Amino acid sequence: QVQLVESGGGLVQAGGSLRLSCKVSGSIFSINVMAWYRQAPGKQREWVATITSGGTNYADSVKGRFTISRDNAKNMVYLQMNSLKPEDTAVYYCAALGAPISWGRGTQVTVSS
């Protein structure tokens, strides 16, 4: 079983930046795919970015502004978010896409206009 703990959320003005962190612990040896998702109020959870040994992928809505990365030595996954927009406001979740999928509890990101 994998445990995930997100941090780094907060309140930021439009155009600003935040870096989210995800601490991964537990049975991490089987995890290849890590991802970030987000859920805005009244909306379904949506995929934001994925990182594997082969590279990264991003939702169109964040491409060019967000960067996902990982530090395997520290068991950490990051999401650097630049040029933030009010529509980026959501709870951001770290996910380990194994079997089963493991989720963190989320960290709130609020972008003011």
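In the predicted model, Arg-38 is buried, with a relative accessible area of 6%. Its side chain meets that of Glu-46 in a salt bridge, at an N to O distance of 2.6 Å. Glu-46, by contrast, is partly exposed, its relative accessible area being 37%; this value exceeds the 20% below which a residue is classed as buried, and Glu-46 therefore falls in the intermediate category.

A salt bridge also joins the side chains of Arg-38 and Asp-88 (2.9 Å, N to O). This pair connects distant parts of the chain, since Arg-38 belongs to strand 4 whereas Asp-88 lies in the loop between strand 8 and strand 9, 50 residues apart. Asp-88 is buried, with a relative accessible area of 0%. Arg-65 forms a salt bridge with Asp-88 as well, the closest N and O atoms being separated by 2.7 Å. Here too, distant parts of the chain are linked: Arg-65 is located in the loop between strand 6 (55-58) and strand 7, and Asp-88 in the loop between strand 8 and strand 9, 23 residues apart. With a relative accessibility of 11%, Arg-65 counts as buried. Through shared partners, the salt bridges unite Arg-38, Glu-46, Arg-65 and Asp-88 in one network. The structure as a whole holds four salt bridges.

Strand pairing was examined next. An open sheet of four strands, paired in the antiparallel sense, follows the order 1-3-8-7. Strand 1 and strand 7 occupy the edges and have a single partner strand each, so one side of each is left without a neighbour in the sheet. From one strand to the next, the twist averages 15°. The antiparallel pairing of strand 3 with strand 8 extends over six bridges, and Lys-23 stands opposite Met-76 of strand 8.

The largest nonpolar core comprises 29 residues, and those with the most contacts inside it are Met-34, Trp-36, Leu-79, Met-81 and Tyr-92. Two or more residues are contributed to this core by each of strand 1 (2-7), strand 3 (18-26), strand 4 (34-39), strand 5 (46-52), strand 7 (66-71), strand 8 (76-81), strand 9 (90-96) and strand 11 (107-112). When residues up to four places away in sequence are not counted, Leu-79 touches Leu-18, Arg-19, Leu-20, Trp-36, Val-48, Ala-49, Phe-66, Thr-67, Ile-68 and Tyr-92. Of these contacts, Trp-36 and Tyr-92 are also among the core residues with the most contacts inside it.

How values were computed
Residues are numbered from 1 along each chain as its sequence is written. This is a predicted model: local features need pLDDT of at least 70, side-chain atom pairs count only at pLDDT 80 or more; totals for chains, interfaces and linings use all residues. Side-chain values use heavy atoms; hydrogens and water are left out. A nonpolar core is a set of buried Ala, Val, Leu, Ile, Met, Phe, Trp, Tyr and Cys residues joined through side-chain atoms within 4.5 Å. Buried means under 20% relative accessible area, exposed over 50%, partly exposed in between (1.4 Å probe, protein chains only). Contact means heavy atoms within 4.5 Å. Two strands pair if DSSP finds at least two bridges between them. Axes are lines fitted to C-alpha atoms, for helices over the stretch in contact, and angles run from 0 to 180 degrees between N-to-C directions.
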